[in-house]
Each structure stands twice: as structure tokens, then as C-alpha cells.
Amino acid sequence: MGAIKLEKIEKWFGDVQVIKGIDLEINDGEMVVFVGPSGCGKSTLLRMIAGLEETSYGEIYLDGEKVTDKVPSERALSMVFQSYALYPHMNVEENVGFGLKTAGMPRDEIAQKVRQASAVLELDAYLKRRPKELSGGQRQRVAIGRAIVREPKGFLFDEPLSNLDAALRVQMRFEIAKLHEKLKATMIYVTHDQVEAMSLADRISVMNRGEIVQAATPMEVYRNPAAEFVAGFIGNPPMNFVVADRSENNQWRVAGEYYPGPKSDADQIHFAIRPEDVVIADAGLDARVRLVEPLGAHLHVTCDVGGRMFRAVLDSGLEVKAGDHLKLQPQLDRIRWFDKNTTKALEV
């Protein structure tokens with residue numbers, strides 16, 4: 001079992017509050033990814049769960065037991081860091097089993113656990129090699145193996161792939177996903193990379209300025225962002241925003257077109273649409289093309305719509321060039337609306 005519960009968690013460094021009253025429940029066996037920009041508090045929150053940072057206020061529970069004041073070794077959690085932190089003079093087998101050796105575990109039991117972990121991570125052929133003889137991806141697997149042999153209730157990953165090149169990151173995402181499927185263990189994964197978050201998570205917790213802005217499945221976060229920050233952070237290119245002016249009967253005027261929207265007392269709100277959810281048509285948003293980027297199967301087209309930058313992902317077979325005037329028709333069921341002042345999503 002590895003259910004984790006955070007209850008009104010706060011972290012203060014002197015007079016500066018970096019974690020602002022977070023409540024979150026992580027189910028046994030769930031993969032939850034903390035994602036957000038640098039400085040949002042995601043790594044600090046992970047370190048608090050691990051016990052590497054003190055909790056200023058609030059409580060942390062592991063399987064219903066309060067662990068807020070327990071040291072890391074008493075929390076039955078294993079952490080995998082951005083840095084592999086392998087001992088260069090030890091081979092893979094010794095690195096993976098080192099923590100068990102220092103804990104006084106019998107040698108034959110250590111050997112058995114190391115064999116089991118190396119089989120899961122496909123490290124059998126490398127057990128006698130030293131870290132300098134391994135690739136970056138292999139070193140990261142050794143670091144994960146060191147965590148597995150402890151048989152923890154949960155795994156905590158702190159940006160483990162950020163030191164790898166693009167190709168290795170893709171491979172290691174696959175490896176971590178396979179590992180989660182095999183172990184069926186609770187995992188919390190910290191990253192600033194939205195691709196990692198979308199591809200690995202059962203649930204994503206999008207963080208900003210020490211708060212969780214939205215916690216939901218990857219597609220719920222992508223399709224129904226709870227706030228403009230989420231809509232602008234998740235997605236590449238991010239969601240487009242255009243000012244919408246009030247009209248009659250809950251109609252809103254957006255860049256020359258009228259669309260049915262939410263009930264609101266405001267004179268203006270924000271219309272939002274994903275770049276891939278528009279097509280060129282005879283009617284739609286007035287757009288002037290500023291830049292065309294051919295990217296194989298698609299064109300990334302940057303336009304001016306309503307005085308704002310607007311991106312569209314279009315079929316690469318279209319003839320579009322800078323200076324063109326287009327009508328971009330959004331898919332009506334994909335339009336989202338946000339309050340201009342609070343930036344929170346509005347219901348239609």
C-alpha cells in the first residue's frame with residue numbers, strides 16, 4: 001500500500017511562503033505528476049513528502065499514518081534524483097545494493113533483491129560495469145534500481161530525465177511507464193516538461209506560485225483547463241486567447257464573429273481555443289498571417305487575431321504565406337471561456 005495524503009501543507013522560508021496550503025490525495029498505485037514552471041514549488045513539495053524539507057504547517061499521511069515529523073528513512077519512500085549520484089568506484093551490482101548493505105541486510109538477501117531489480121530494469125548484462133562504462137539512460141536505470149531494492153511504498157522522481165538528450169528522454173519515458181505498469185506502485189514525478197507529464201501521468205497536478213491550480217487526468221487538463229494559466233502552460237503551441245465583447249442573448253463578439261458563450265455580467269471575457277481546433281473556412285475569426293513554420297505533417301501558422309498573437313496548426317498541404325488574410329473557424333465544442341479578471345474558466 002502507498003496512499004499519500006497532503007493536508008493543508010505550507011512551507012515558509014522566513015517571511016516567504018513557497019507552498020500555500022496544498023490539499024491532495026494520491027491513491028495507492030497511482031502515478032501523479034507535479035508539473036509547472038521553474039520556481040512554482042513542485043520540487044520543494046516533493047522534498048517535503050520525502051522528509052528532506054521540514055513542513056511548516058499541515059500534515060502528511062502515508063497509508064493513513066501521519067509521517068510529517070518522521071525522518072526520510074522512516075517514511076518507506078524511495079527518491080530518484082536529477083543527479084544519478086552513483087559511486088564511481090563501485091560496479092552496478094554494488095551501487096544497486098549499497099543501501100541494503102549499509103542497513104545490515106545479509107549478503108545473499110541483497111544479491112537476490114539486486115537480481116530481481118536488475119531483471120525488471122534489464123540491467124543483467126551490466127552488473128559488473130562501473131558508471132563510467134554506462135550511457136546516461138543506463139545510469140538512470142541504475143539509480144532507479146537502487147530505489148526498487150528497498151521495496152518502498154512509493155517512488156518519488158525529481159526531474160530524473162532532465163540531464164538526458166532528447167532521444168534518451170523518449171526512451172526513458174517508456175522505461176518509467178513500463179516500470180509503473182510492472183510494479184503497480186505509487187509514484188510522484190516532478191517535471192517542467194509537459195510531454196513527460198501528459199505521457200506518464202494518471203493524474204497531473206499543475207502548479208503555479210506554490211499552489212495546485214488544477215489536478216485531473218491529462219486529457220481533462222488539456223481539454224478543460226480550470227484557469228488561463230493551465231490553458232497557456234499545457235499544450236505546444238499553447239491555447240489561444242482573444243478578447244470577447246458582450247452582445248445579446250449570451251452571444252459574444254470575437255474578432256468579427258459571434259459565438260454563443262457563458263452568462264456573465266462582464267462586458268468582456270476571454271475566448272480560448274487550441275491551435276489544432278481551427279480550420280480555414282469562408283467564415284470565422286479575422287486573421288492576418290505573420291509567420292508560417294512548415295513542420296512536416298503540419299504548418300504552425302502565427303497570426304494576428306483581434307490584436308493578439310494567435311497560433312493555428314494547419315494541414316501542411318495548404319498554401320499559406322505571411323501577409324495572407326484568413327478566416328479561421330473554431331470547432332464550436334472546443335471553445336473555452338475565461339473570466340478576464342480572475343482568469344478562471346467559465347461554464348457555458
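Where is the place of Gln138? Gln138 sits in helix H4, and we'll get there after a quick look at the whole thing.

**Before you click**

This is a predicted model, where local features need pLDDT of at least 70 and side-chain atom pairs count only at pLDDT 80 or more, while totals for chains, interfaces and linings use all residues. Residues are numbered from 1 along each chain as its sequence is written, and side-chain values use heavy atoms, with hydrogens and water left out.

**Whole chain**

Show the cartoon: the chain has eight helices and 20 strands. (Helices are DSSP runs of H or I with at least four residues, strands are runs of E with at least two, and both are numbered from the N terminus.) Along the principal axes, the C-alpha atoms fill a box of roughly 75 × 45 × 35 Å. Switch on a surface and you have about 17100 Å² of accessible area, 48% of it belonging to carbon and sulfur atoms (Shrake-Rupley, 1.4 Å probe; for residues, only the protein chains shown count as cover). Of the 348 residues, 47% count as buried, with buried meaning under 20% relative accessible area, exposed over 50%, and partly exposed in between (1.4 Å probe, protein chains only).

**Helix H4**

Select 136-148. H4 has 13 residues and reaches 19 Å from its first C-alpha to its last, close to the 18 Å expected at 1.5 Å a residue (the expected span is 1.5 Å times one less than the number of residues). Ten of the 13 residues are buried, including Arg141, Val142 and Ile144. To see what covers them, add strand E6 (77-80), helices H2 (92-102), H3 (107-120) and H5 (166-183), and strand E7 (154-158): the buried residues of H4 pack against these.

Now back to Gln138. Gln138 counts as buried because its relative accessibility is 12%. A polar atom of the Gln138 side chain lies 2.9 Å from the backbone nitrogen of Ser135. Leaving aside neighbours within four places in sequence, Gln138 is in contact with Leu123, Tyr126 and Glu133; contact means heavy atoms within 4.5 Å.

**The cores**

Next, select Val35, Ile144, Tyr189 and Ile234. Of the 45 residues in the largest nonpolar core, these four touch the most other members. H4 supplies the largest share of this core, five residues. (A nonpolar core is a set of buried Ala, Val, Leu, Ile, Met, Phe, Trp, Tyr and Cys residues joined through side-chain atoms within 4.5 Å.) Apart from it lies another core, of 25 residues, among them Leu285, Ala287, Leu326 and Leu328.

Zoom in on Val35: beyond four places in sequence, its contacts include Thr191, Ile204, Val206, Phe233 and Ile234.

**The six-stranded sheet**

Moving on, pick up the open sheet whose six strands run in the order E13-E12-E11-E14-E19-E20, with antiparallel pairing. (Two strands pair if DSSP finds at least two bridges between them.) Its edge strands are E13 (257-260) and E20 (345-346), each pairing on one side only. Further in, select 240-246 and 268-273: six bridges join E11 to E14, and Phe241 has Ala272 in E14 as its bridge partner.

**Last stop: a hairpin**

Select 298-305 and 308-315. E16 and E17 are antiparallel here, paired over eight bridges, with Asp304 bridging to Met309 in E17. What phi does Gly306 take in this hairpin? Gly306 takes a positive phi near 60°, in a hairpin with two residues between the strands.

Terms used. Polar contact = N/O pair within 3.5 Å; in protein donor to acceptor, adjacent residues only side chain to side chain.
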